[in-house]
Amino acid sequence: MAGDGYRVGVVGATGLVGTTILELLADRGFPAAEVVPFASARSAGRELEWNGATIVCRELSEESIQGLDIVLSSAGGAISAEWTPRLVEAGAVVVDNTSHWRMHDDVPLVVAEVNPEALDGHHGIVANPNCSTMQMVVALKPLFDEAGIERLVVSTYQAVSGTGKAAIDELMGQAAAVLRGQPVPEPAIYPRQIAFNVLAQAGSFPAGDDHTDEERKLINETRKILGDQSIRVSATCVRVPVVSGHSEAVNVETSRPLSPERARELLAAAPGVTVVDDPAAGLYPMAIDAAGKDDVFVGRIRRDPGNEQALDLWVVSDNLRKGAATNTVQLAEALVERGLLNR
Ligand SMILES: NC(=O)c1ccc[n+]([C@@H]2O[C@H](COP(=O)([O-])OP(=O)(O)OC[C@H]3O[C@@H](n4cnc5c(N)ncnc54)[C@H](OP(=O)(O)O)[C@@H]3O)[C@@H](O)[C@H]2O)c1
């Protein structure tokens, strides 16, 4: 701890998630004495504005990582695999946004509104869930507590910002070409054209698997966070030409009866959830409304006509906020509140 606050490292500080983390640390008044931004060698020396001051990007090195109390990391799985143990060794607690550590048994996978108590058992690394899992479990938690969950059937409609800055550029470049009647540039980030299209593939297919890694994350992370390995999950993750905000159609089969009215009541009272559910008036959650907000928005709450013990929900959230940066900063705050940093 430096001065009267913490020394906070932000790894991937120039990326979409890292930029949002910096913004939230300032907006939410995280008790930081100093914020140290890390990015690739390409960005070393680049000046960023933080909370009215100029901070300068550094490369990760044995010297540059010393003396940090907490590190909020979002620079990709390979970088996390290499540098997170070194950051922990140097004394920091790391909240990691990549998929690398999430399913490790000794790494808690935590959503602030769902299982904050899991932080207490950390060994230096805390994992932030995948964006599509995050928003879904915030909406499921009050229903799970009331009625249990037997099975989920989930279809996602995921925004391109979930893939990082280069994916937004790819969508914009292709869309501009289509609108100008020019040849569409070859895709580089996605396997097929994303502009004016829908891809039945979010993530990639690991060898020998007929599900994408994104679908496997949704299945495995949901069970770990809710602490119930018996929940059956069917997932189809789809990429759509939306810049910000993932949408999800979620069919929830509960263990005990649960009416749509009671579900609406539980969701309206749940932390981090806003119910928007007046479809006849054209009111339901939309990605463009969720953009820049921290809540998870839930609507279209209704009985599944094919299953008396299932409900259908439409769940939308800003993937860069609650799906990534907001939860990361909430976990940093919770680590401070619970006295779980190494001091
Ligand atoms: N986007 C989302 O909705 C979302 C949600 C949850 C989790 N995540 C995860 O968060 C991570 C970052 O996502 P993003 O969307 O922010 O990606 P992004 O916009 O592409 O940013 C990547 C960041 O990583 C930095 N970086 C690259 N190589 C590095 C290195 N060798 N050392 C240090 N920093 C390095 C980049 O720095 P330069 O600017 O110098 O290249 C940049 O700051 C990914 O693992 C992603 O899976 C993303």
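The exercises below work through a helix, a set of strands, a pocket and two loop residues of a predicted model.

Residues are numbered from 1 along each chain as its sequence is written, and side-chain values use heavy atoms, with hydrogens and water left out. In this predicted model, local features need pLDDT of at least 70 and side-chain atom pairs count only at pLDDT 80 or more, while totals for chains, interfaces and linings use all residues.

**Exercise 1. Check the span of helix 5 and find what covers the helix.**

Solution.
- Start with the term. Helices (H or I, at least four residues) and strands (E, at least two) are DSSP runs, numbered from the N terminus.
- The expected span of a helix is 1.5 Å times one less than its number of residues.
- Helix 5 covers residues 213-226, 14 residues, so the span should be 20 Å. The end C-alpha atoms are 20 Å apart, which agrees.
- Next, burial. Buried means under 20% relative accessible area, exposed over 50%, partly exposed in between (1.4 Å probe, protein chains only).
- In helix 5, 10 of the 14 residues are buried. Among them are L218, I219, I225 and L226, but also E214, K217 and R223.
- Now the cover. Contact means heavy atoms within 4.5 Å. What covers these buried residues includes helix 3 (131-147), strand 8 (149-158) and strand 9 (232-239).
- Just after helix 5, G227 takes a positive phi of about 70°.

**Exercise 2. Trace the strand pairing from strand 8 to strand 10 and on to strand 13.**

Solution.
- Two strands pair if DSSP finds at least two bridges between them.
- Strand 8 and strand 10 run antiparallel, joined by 8 bridges. V154 has V250 of strand 10 as its bridge partner.
- Strand 10 (residues 246-254) also runs antiparallel to strand 13 (residues 310-317), again with 8 bridges. Here E253 stands opposite A310.
- Strand 10 is mostly covered: 7 of its 9 residues are buried.

**Exercise 3. Place V298 in its strand, then list its partners and contacts.**

Solution.
- V298 is in strand 12 (residues 296-303).
- Strand 12 pairs with strand 11 (residues 273-275) in the parallel sense over 3 bridges. V298 is the bridge partner of V275.
- Strand 12 pairs with strand 13 in the antiparallel sense over 6 bridges. One bridge couples V296 with S317. A hairpin of 6 residues joins the two strands.
- V298 counts as buried because its relative accessible area is 0%.
- Leaving out residues up to four places away in sequence, V298 touches residues including A139, L267, P285 and W314.
- The C-alpha atoms of V298 and M136 are separated by 9.6 Å, though the two are 162 residues apart along the chain.

**Exercise 4. Which residues are closest to the centre of the largest pocket?**

Solution.
- The largest pocket has a volume of about 1200 Å³.
- Of its 50 lining residues, S74, A75, G76, G162 and T163 are the closest to the centre.
- A pocket is an open set of points on a 1 Å grid over the protein atoms alone, where a 1.4 Å probe fits, with protein on both sides within 12 Å along at least five of seven lines; lining residues have an atom within 4 Å of a point.
- Grid points are joined across faces, edges and corners, and the volume is the space filled by probe spheres set on the points.
- Helix 1 (16-27), helix 2 (77-89), helix 5 and helix 8 (321-337) each supply at least two lining residues.

**Exercise 5. Where do N51 and F196 lie, and are they buried or exposed?**

Solution.
- N51 lies in the loop between strand 3 (47-50) and strand 4 (53-56). Its phi is near 55°, a positive value in a residue other than glycine.
- N51 is exposed, as its relative accessible area is 54%.
- F196 lies in the loop between helix 4 (165-180) and helix 5. F196 also has a positive phi, about 55°.
- F196 is exposed, with a relative accessible area of 57%.
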